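Here is a short report on one protein chain. Have the sequence and the 3D view open as you read.

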Amino acid sequence: MNLPRPFRGMSLWRRAVVALPLLVLLTLPATAHVLNTDLSKLSRTEILWTYLQLGFTHIIPLGFDHILFIISLYILEPRLKPVLMQATAFTVAHSITLGLAMYGLVQPPSAIIEPIIALSILFVALENIITDRLNPWRVAIVFGFGLVHGMGFASALTELGLPKKDYFGSLISFNVGVELGQVSVILLCWALVGRWAADKSWYKRRVVIPVSVVIGLVAAYWTVERVFFV
């Protein structure tokens, strides 16, 4: 078994203990976006660059929930084509609702959206544990969850606001930044796990299930917190 050196010789339970600091970290409250720049003094290019950065940081490092969702999508079938199919469905969906929300065509209440986002993570994590392969209907499910996640992106962007002199361009830049953040998560997962472990006979047992259990516990915690304590 060619596990990374820190994990060699460790039992499943000991690896779970090693993962506990991650569990604790991810249950901490996320830091809010802060825009300390006077946009009126920036050029159009500088504004677009600012919102691209804001979109990226909404995923890395601030978007713990979105990071876990992307990881959950990736680990079940960590090959390029299945991941691209799911990522494309997710991207199209959240782009639709992000745009609709920012133009005021839909007004999703965060008290409903945030628990559903947590439930979407829990759902995918449980599916990873239960199923042995990527089912065709998962793309449709990911699309539906992408619609919800797009409303979550809109909540963050609403707090920041968009400059009147380049409203549409800033919206696109933020969305591109989000995509770059998501692609970065996928590439990191591939480099750490998919590249060397995807074809191993023990991949499901030693990677998918333990990781999905940890993600599921975090998502369950978030669901309870967002329903009853926010």
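A nonpolar core is a set of buried Ala, Val, Leu, Ile, Met, Phe, Trp, Tyr and Cys residues joined through side-chain atoms within 4.5 Å. Buried means under 20% relative accessible area, exposed means over 50%, and partly exposed lies in between, with a 1.4 Å probe and protein chains only.

The model is predicted: local features need pLDDT of at least 70, side-chain atom pairs count only at pLDDT 80 or more, and totals for chains, interfaces and linings use all residues. Residues are numbered from 1 along each chain as its sequence is written, and side-chain values use heavy atoms, with hydrogens and water left out.

**Confidence**

pLDDT is the predictor's confidence in each residue, from 0 to 100. The chain averages 82, and 83% of the residues score at least 70. Residues 1-21 stay under 50. The model gives this stretch 18 contacts beyond four places in sequence; contact means heavy atoms within 4.5 Å. Residues 24-32 are also below 50, with 11 contacts beyond near neighbours in sequence. Where pLDDT is low, the predicted coordinates should not be read in detail.

**Overall build**

The chain has eight helices and zero strands. Helices (H or I, at least four residues) and strands (E, at least two) are DSSP runs, numbered from the N terminus. Of the 230 residues, 46% count as buried. Take the contacts with a separation of 6 or more: residues 24 or more positions apart account for 84% of them.

**The core**

Which residues touch the most other members of the largest nonpolar core? They are Ile71, Leu98, Ile121, Leu157 and Phe174, in a core of 51 residues. Helices α2 (44-59), α3 (64-76), α4 (80-102), α5 (110-130), α6 (138-160), α7 (167-197) and α8 (203-228) each supply at least two residues of this core. The most come from α3, which gives nine.

Look next at Ile121. Leaving aside neighbours within four places in sequence, Ile121 contacts Asp65, Leu68, Phe69, Ser72, Ile215, Ala219 and Trp222.

**Pairs far apart in sequence**

The table lists three pairs, with C-alpha to C-alpha distances.

| Residue | Partner | Apart in sequence | C-alpha distance |
|---|---|---|---|
| Alanine 156 | Histidine 58 | 98 residues | 8.1 Å |
| Valine 218 | Leucine 68 | 150 residues | 9.0 Å |
| Valine 224 | Leucine 119 | 105 residues | 9.7 Å |

Alanine 156 lies in helix α6. Its relative accessibility is 10%, so alanine 156 counts as buried. Valine 218 is in helix α8. Valine 218 counts as buried because its relative accessibility is 0%. Valine 224 also sits in α8. At 41% relative accessibility, however, valine 224 counts as partly exposed.

**The cavity**

A search of the whole structure finds one cavity of 30 Å³ or more. On a 1 Å grid over the protein atoms alone, a cavity is a set of points where a 1.4 Å probe fits but cannot get out; lining residues have an atom within 4 Å of a point. Grid points are joined across faces, edges and corners, and a volume is the space filled by probe spheres set on the points. The largest cavity has a volume of about 40 Å³. Its lining is made up of Ile70, Leu73, Tyr74, Val83, Gln86, Ala87 and Ile186. Helices α3 and α4 are the elements that give two or more residues to this lining. By class, the lining has six nonpolar residues, one polar and no charged. Ala, Val, Leu, Ile, Met, Phe, Trp, Tyr, Cys and Pro count as nonpolar, Asp, Glu, Lys and Arg as charged, and the others, Gly among them, as polar.

**A cis peptide bond**

Most peptide bonds are trans. The bond from isoleucine 60 to proline 61 is cis, with omega near 10°. Proline 61 is in the loop between α2 and α3.

Key: On a 1 Å grid over the protein atoms alone, a cavity is a set of points where a 1.4 Å probe fits but cannot get out, and a pocket is an open set with protein on both sides within 12 Å along at least five of seven lines; lining residues have an atom within 4 Å of a point.
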